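Please open the structure in your viewer and keep the selection tool at hand. We will walk through it one stop at a time, selecting residues and looking at what is there.

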Amino acid sequence: VRVDGESPYDVVIGRSVLDELAPLLGGDTTRVAIVHPHSLPAPGHAVESALRGAGVRTCLMAVPDGENAKTVAVAADLWGRLGRAGFTRADVVVGVGGGATTDLAGFVAATYLRGVRVVHVPTTLLGMVDAAVGGKTAINTGEGKNLVGSFHEPAGVICDLGWLDSLPRADVVAGLAEVVKCGFVADPVILDLVAGAPDAATEPRADALRELIERAVAVKARVVASDLRESTSTTADVGREALNYGHTLGHAVERVEEYRIRHGEAVSIGMVFVAELSRLAGRLDDGTAALHREILQQLGLPTSYPPGRWPRLREVMRVDKKSRGDRLRFVVLERLARPAILEAPAEDLLLAAYLAVEG
Ligand SMILES: NC(=O)c1ccc[n+]([C@@H]2O[C@H](COP(=O)([O-])OP(=O)(O)OC[C@H]3O[C@@H](n4cnc5c(N)ncnc54)[C@H](O)[C@@H]3O)[C@@H](O)[C@H]2O)c1
Ligand SMILES: [Zn+2]
């Protein structure tokens, strides 16, 4: 899948596709720093041998697992290691791992020497369909997630589906929430594929999952290319903000749960909520709203949330990074593949939508 923009790049999707990594680096590459989690050595080493086989000099840079890598301390450690290795602009960072690792690798690549090339090799479904594509990079601060970062597009992305074989099923299912999101906001064929074969959708070896990943990446590529910096959003053109569907409440659920719930699970609850909000606001028909619950439940994703937590969620949404000033903003749906913006909905409407999610 090609991602157009200031510097177009390819997302390669398939099995045993690591051979395609070296050609993505760029002709003048002299060395590659492979950033990967300590706890996940196999993909890092596989990338190392693929690059060595292609005659590229490499150094492995292990970092803490998952979210623990997204700190300024780990970023500073990598800046130091790149400096000691004498890295120049002709060198490339390769991020290998889940979305947390590729976010860190992208951030370090964006900032070192004001920007060196980065190529991502995502090993989770969420990484493949979301984090590694689109050029957003970030680390966390004590005050919240993804508060410091920049836009830095990769020079390429390799999605080797073989990595998904070892991914816990719950993580595959959670990643599918983002795929389903792409179905609702842009590509309803995704919804047909999931509804027609929900089991195959969660099976890494099935062709169905490969097609779902390709379609989700194609949606992200299209949306991102039209709005590289998430800036064009108007009532007429939702732009990149469409990818935020289900995320306003979803982020609040994650915060309230202190991140013990998977992102995709929180987004699943958030999509049911915002579909209900769309319906109650008179924007969406009953059937399409109900379809959200049906499809997400078929995959085993959560579609309800314990009662009594609305006041806390509402408070957390007030300070959401994506809100502008004090006004709450939601991406709603008007029909399949037709997202729109709903600003500052009435409080009783929000509560009514939430009551439909309580259970
Ligand atoms: N930049 C973006 O646009 C963007 C978009 C969405 C999410 N994100 C970020 O992505 C992160 C979440 O991504 P994630 O869910 O991939 O989390 P993650 O990177 O924390 O990975 C989850 C866990 O799975 C393990 N893992 C990775 N690959 C594996 C494999 N093949 N087999 C077995 N275990 C494996 C990891 O080591 C980790 O413990 C968050 O930090 C989020 O902010 C970024
Ligand atoms: Zn998301």
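The tour goes through a predicted model, with a stop at a pair of helices and then a stop at a cavity.

**The helix pair**

Begin by selecting residues 263-280, which form helix 11, and then add residues 286-298, which form helix 12. If you look along the two axes, you will find them 9 Å apart, and the helices pack at an angle of about 170°. Since angles over 145 degrees count as roughly antiparallel, helix 11 and helix 12 are therefore roughly antiparallel to each other.

Now show the side chains where the two helices meet. On the helix 11 side, select Ser 268, Met 271, Val 272, Ala 275 and Arg 279, and on the helix 12 side, select Asp 286, Ala 289, His 292, Arg 293 and Leu 296. Colouring this contact by residue type gives 5 nonpolar, 2 polar and 3 charged residues.

**The cavity**

Next, turn to the empty spaces inside the model. The count comes to 2 cavities of 30 Å³ or more, and our stop is the second largest cavity, which has a volume of about 40 Å³. To see its lining, select Asn 244, Tyr 245, Gly 246, His 247, Thr 248, Leu 249, Val 274, Phe 330 and Val 331.

Which element gives the most to this lining? Helix 10 does, with 3 residues, and if you highlight helix 10 (247-256) together with strand 10 (329-335), you will see that each supplies at least two residues of the lining. Coloured by type, the lining of this second largest cavity divides into 5 nonpolar and 4 polar residues, with no charged residue.

Notes: Residues are numbered from 1 along each chain as its sequence is written. Chains are lettered from A and ligands numbered from 1 in the order in which they are written. This is a predicted model: local features need pLDDT of at least 70, side-chain atom pairs count only at pLDDT 80 or more; totals for chains, interfaces and linings use all residues. Side-chain values use heavy atoms; hydrogens and water are left out. Axes are lines fitted to C-alpha atoms, for helices over the stretch in contact, and angles run from 0 to 180 degrees between N-to-C directions. Helices (H or I, at least four residues) and strands (E, at least two) are DSSP runs, numbered from the N terminus. Angles under 35 degrees count as roughly parallel, over 145 as roughly antiparallel, 65 to 115 as roughly perpendicular and the rest as oblique. Contact means heavy atoms within 4.5 Å. Ala, Val, Leu, Ile, Met, Phe, Trp, Tyr, Cys and Pro count as nonpolar, Asp, Glu, Lys and Arg as charged, and the others, Gly among them, as polar. On a 1 Å grid over the protein atoms alone, a cavity is a set of points where a 1.4 Å probe fits but cannot get out, and a pocket is an open set with protein on both sides within 12 Å along at least five of seven lines; lining residues have an atom within 4 Å of a point. Grid points are joined across faces, edges and corners, and a volume is the space filled by probe spheres set on the points.
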